[in-house]
Amino acid sequence: MKEKRDSSLANALSILKGFTMDHPEQGVTDVAKSLGLSKSTVHRLLASMASEGFVYKDPRSNRYSLGTSVLTLTNLVSSQLPILNESVPVLNMLTERTGESSHLGILEDHHMIYLQKVECDNPTSLFTHIGKRHPIHATSIGQVILAFQEHEVRGQLLPDKLEGYTNNTITSHESLYEKLNLIKAEKHAVCVEELQEHVMAIAAPIFNEKGKVLAAINIVGPANRMKSKLKSHRLIEEVIRSGEKMTELVRLRKSKENNRYKG
């Protein structure tokens with residue numbers, strides 16, 4: 001009985017995670033097909049989640065979208081992740097100084113995921129939004145976080161086969177590890193058309209009070225525009241400085257928390 005409950009919970013969570021900016025609405029057939037579940041199972045789970053407000057069923061289309069209960073949890077998560085609020089002024093300044101969209105991101109479930117974003121006036125064609133997931137090996141944030149992991153951890157985070165997205169995607173583990181070692185030495189990552197053609201990104205790490213990489217900050221823009229800016233603008237320096245500022249804020253907050261607990 002417990003195993004059945006665990007299975008139902010896992011399936012329900014998988015259904016919730018299937019709603020994204022790319023797929024904000026889904027029908028029973030869509031969900032069943034993507035998760036490999038029976039329509040009856042999906043229908044039962046969606047009905048239960050709808051009764052608790054986690055999904056909403058459009059009576060006209062019979063399609064489901066996320067409900068208000070998810071919004072409540074989202075607000076709760078935001079309030080309990082101080083780094084989200086701390087990053088806003090830093091991202092605003094980074095975008096202002098570079099003219100490119102900036103992001104805060106972490107690694108989660110073998111993917112890079114955006115936690116915060118500030119968009120520039122002329123953004124790139126790369127579709128990014130808070131909660132958007134991208135492969136670790138083909139993104140600047142993914143690479144810069146990987147670079148500061150132990151060799152063993154890198155192997156655990158990376159898939160056996162590195163998928164290619166463009167001609168510039170690194171699909172060899174050996175070549176990727178060589179780049180990661182260089183990134184660690186230079187304290188920044190540059191990805192030129194590795195995930196999408198005509199798109200470039202520069203990222204820098206954010207560390208916690210113990211010196212462990214916690215997250216990363218980056219800028220993303222059209223490759224031609226960013227390459228031309230590199231000649232006259234200090235893009236890399238601005239990104240590195242922003243990462244250092246975020247590290248400073250994280251450590252300052254932690255120090256205050258520790259002092260409060262001691263008091």
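**View 1. Helices H6 and H8 cross roughly perpendicular to each other.** That label follows because the packing angle of about 75 degrees falls in the 65 to 115 range that counts as roughly perpendicular. This is a predicted model, and in it the axes of helix H6 (residues 140–147) and helix H8 (residues 173–186) sit 8 Å apart. If you want to trace the contact by side chain, start with Gln143, Val144, Leu146 and Ala147 on the H6 side. Across from them, H8 brings Leu176, Lys179, Leu180, Ile183 and Lys184.

**View 2. The whole protein, for orientation, has ten helices and eight strands.** The radius of gyration is 20 Å, close to the 18 Å from the globule rule for 263 residues, so the protein is as compact as a globular protein of that length. Put a box around the C-alpha atoms along the principal axes and you get roughly 60 × 55 × 40 Å. Of the 263 residues, 43% count as buried. Among contacts with a separation of 6 or more, 57% are between residues 24 or more positions apart. The protein exposes about 14900 Å², with 52% of that supplied by carbon and sulfur atoms.

**View 3. Six strands make an open sheet with antiparallel pairing.** Reading across, the order goes E5-E4-E3-E8-E7-E6. At the edges are strand E5 (133–135) and strand E6 (189–192); each has a single partner strand, so one side of each has no neighbour in the sheet. From one strand to the next, the twist averages 30 degrees.

**View 4. Strand E3 is largely enclosed by the rest of the structure.** That description holds because six of the eight residues of E3 (residues 101–108) are buried. On one pairing, seven bridges tie E3 to strand E4 (residues 111–118), and the two run antiparallel. To find your place there, look for Ser102, whose bridge partner in E4 is Val118. E3 and E4 form a hairpin with two residues between them. One to check in that turn is Asp109, which has a positive phi of about 50 degrees. E3 also pairs with E8, again antiparallel, through five bridges. Here Gly105 is a handy landmark, with Ala216 as its bridge partner in E8.

**View 5. Edge strand E6 pairs with E7, and helix H9 lies across both.** Four bridges join E6 to strand E7 (residues 199–207), and the two strands run antiparallel. Cys191 is bridged to Ala201 in E7. Helix H9 (residues 223–232) lies across E6, E7 and strand E8 (213–222), running at about 105 degrees to E8.

**View 6. Glu238 is a buried residue in helix H10.** Helix H10 covers residues 235–262. With a relative accessible area of 15%, Glu238 counts as buried because the cut-off is under 20%. Leaving out residues up to four places away in sequence, Glu238 touches Leu94, Arg97 and Thr98. Ala204 is 34 residues from Glu238 in sequence, and their C-alpha atoms are 9.6 Å apart.

**View 7. Leu16 lies in helix H1 and reaches residues further along the chain.** Helix H1 spans residues 2–17. Not counting residues up to four places away in sequence, Leu16 touches Met49, Phe54, Val55 and Leu66. For scale, Leu16 and Asn85 are 69 residues apart in sequence, with 25 Å between their C-alpha atoms.

Methods:
Residues are numbered from 1 along each chain as its sequence is written. This is a predicted model: local features need pLDDT of at least 70, side-chain atom pairs count only at pLDDT 80 or more; totals for chains, interfaces and linings use all residues. Side-chain values use heavy atoms; hydrogens and water are left out. Buried means under 20% relative accessible area, exposed over 50%, partly exposed in between (1.4 Å probe, protein chains only). Contact means heavy atoms within 4.5 Å. Two strands pair if DSSP finds at least two bridges between them. Axes are lines fitted to C-alpha atoms, for helices over the stretch in contact, and angles run from 0 to 180 degrees between N-to-C directions. The radius of gyration is taken over C-alpha atoms; the globule rule is 2.2 Å times the number of residues to the power 0.38. Accessible areas come from the Shrake-Rupley method with a 1.4 Å probe; for residues, only the protein chains shown count as cover. Angles under 35 degrees count as roughly parallel, over 145 as roughly antiparallel, 65 to 115 as roughly perpendicular and the rest as oblique.
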